[in-house]
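Student: I should like to examine how the terms applied to a protein model are justified. May we set values against criteria, one case at a time?

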Amino acid sequence: MKRMNIAVLVSGGVDSSVALQLLRDQGHAVTAFYLKIWLEDELSYLADCPWQQDLSYAQAVCDQLSVPLEVVSLQQEYHNYVVKYTIEQVKLGNTPNPDILCNKLIKFGFFMDRFGHAYDKVATGHYAQVTEIGDGQVALRSAPDPIKDQTYFLSQLSQAQLQKILFPIGHLNKTQVRALAVDYNLPNKDRKDSQGICFLGNFKFRDFVRAYAGTQQGYLVELETGKQVGMH
C-alpha cells in the first residue's frame, strides 16, 4: 500500500488505538481525531459522562506514538440529526438505532465533509472490511469475528463513503487486537470495551427515553397470533 495521509478517528478504546498504531507502523502520515458528541450538559443528571476519561486515554496513546490529536466538537450536529430523530421515532413506537445514524451522518458524514478533503482516507477501529468488487466499486464485508462484527452499524454508508474508509483491524478478531495492544504496550491495553449507544456512554437508554419521551402503557402482543397477552 502506498504511503497515504490518513485521518484516524480515535475513541480512547483499544480498537481505534491499535488501528492507529498499525497505520503509523505501515509508514502512513496519520493524524488522530477525537469527535466530541457527548451530551454531558443535558444528560449530566442521569449519570457521570466518561468523555474526559476517553479523551485522556486517546491523548496518552497519541503521545506515546508521537501522533497529533485534534478534538472536533460535533455535539450540535449530533443533537440535530441523531438525537432528535431518535426521540421522534421512539414517540412513534419505533426502535431507531442511533449508532447507524451516527456512522452515516456524523463520523462519515459531517466529519468527512469538513476534513475528508485534506486526507486520502479516514480510518476507524470498526470490525468490518471494505473490498474492491470491480468497476471502481467497493463492498462492505463482514469481519471474521462474528461477535464483534459491526457491519450492521455501517450498513447505511454510501458508496462514496465506503471508498474513503479504512478499517485497519477489520481482518482481525478481538483476541488478536487485544494481544497487539499488549505487544505495543498501549496505555489503554487493559481497558474494558465500551457498550451501548455512542452518545450515551454510561447512561441507560431507558433513562434517556424516559427523560425525553416520558412513559406510557402499551400492549404485549404475541407476534404469531396477534393475541394481547399483557401490558408493559
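**Terms and their grounds**

Tutor: Let us begin with arginine 24 and aspartate 25, which form a salt bridge with their closest N and O atoms 3.1 Å apart. The model is a predicted one.

Student: What makes the contact between arginine 24 and aspartate 25 a salt bridge?

Tutor: The criterion asks for a side-chain nitrogen of Lys or Arg within 4 Å of a carboxyl oxygen of Asp or Glu. The N and O atoms of arginine 24 and aspartate 25 are 3.1 Å apart, so the pair meets the criterion.

Student: Why are arginine 24 and aspartate 25 called partly exposed?

Tutor: Buried means under 20% relative accessible area and exposed means over 50%, with partly exposed in between. Arginine 24 has a value of 32%, so it is partly exposed. Aspartate 25, at 41%, is therefore partly exposed as well.

Student: How do you know that arginine 191 and aspartate 54 form a salt bridge, and which parts of the chain does the pair link?

Tutor: Their closest N and O atoms are 2.5 Å apart, and the limit is 4 Å, so the term applies. The pair links distant parts of the chain, 137 residues apart: arginine 191 lies in the loop between α7 (174-183) and α8 (205-213), and aspartate 54 in helix α3 (residues 51-65). Both arginine 191 and aspartate 54 are buried.

Student: What makes arginine 114 and glutamate 77 a salt bridge?

Tutor: Their side chains meet at 2.3 Å, N to O, and the limit of 4 Å is therefore satisfied. This pair also links distant parts of the chain, with arginine 114 in helix α5 (residues 98-115) and glutamate 77 in helix α4 (residues 75-91), 37 residues apart. Arginine 114 has a relative accessible area of 38% and is therefore partly exposed, whereas glutamate 77 has 14% and is therefore buried. The structure holds 5 salt bridges.

Student: How do you know which residues of α3 lie on the same side?

Tutor: In α3, Trp51, Asp54, Leu55, Ala58, Val61, Cys62 and Leu65 are buried. They cover an arc of only 125° around the axis, so they lie on the same side of α3. As for its span, α3 has 15 residues and reaches 21 Å from its first C-alpha to its last, close to the 21 Å expected. Just after α3, serine 66 takes a positive phi of about 55°.

Student: Why is cysteine 62 called buried, and how many disulfides does the structure hold?

Tutor: Cysteine 62 has 1% relative accessibility, so it counts as buried. Cysteine 102 likewise counts as buried because its value is 1%. The structure holds 0 disulfides, which means that no pair of cysteine sulfur atoms lies within 2.5 Å.

Student: Why do β3 and β7 stand at the edges of the sheet?

Tutor: The open sheet has 5 strands in the order β3-β2-β1-β4-β7, with parallel pairing. β3 (69-73) and β7 (165-166) each have a single partner strand, so one side of each is left without a neighbour in the sheet.

Student: How do you know that β4 and β7 pair?

Tutor: Pairing requires at least two bridges. Strand β4 (residues 121-123) and β7 have 2 bridges, in the parallel sense, so the requirement is met. Valine 122 has isoleucine 165 in β7 as its bridge partner.

Student: What joins β8 to β9?

Tutor: Strand β8 (residues 219-221) and strand β9 (residues 228-231) run antiparallel and are joined by 3 bridges. They form a hairpin with 6 residues between them, and glycine 226 in the turn has a positive phi of about 75°.

How values were computed: Residues are numbered from 1 along each chain as its sequence is written. This is a predicted model: local features need pLDDT of at least 70, side-chain atom pairs count only at pLDDT 80 or more; totals for chains, interfaces and linings use all residues. Side-chain values use heavy atoms; hydrogens and water are left out. Buried means under 20% relative accessible area, exposed over 50%, partly exposed in between (1.4 Å probe, protein chains only). Helices (H or I, at least four residues) and strands (E, at least two) are DSSP runs, numbered from the N terminus. The expected span of a helix is 1.5 Å times one less than its number of residues. The arc is that of the directions from the helix axis to the C-beta atoms.
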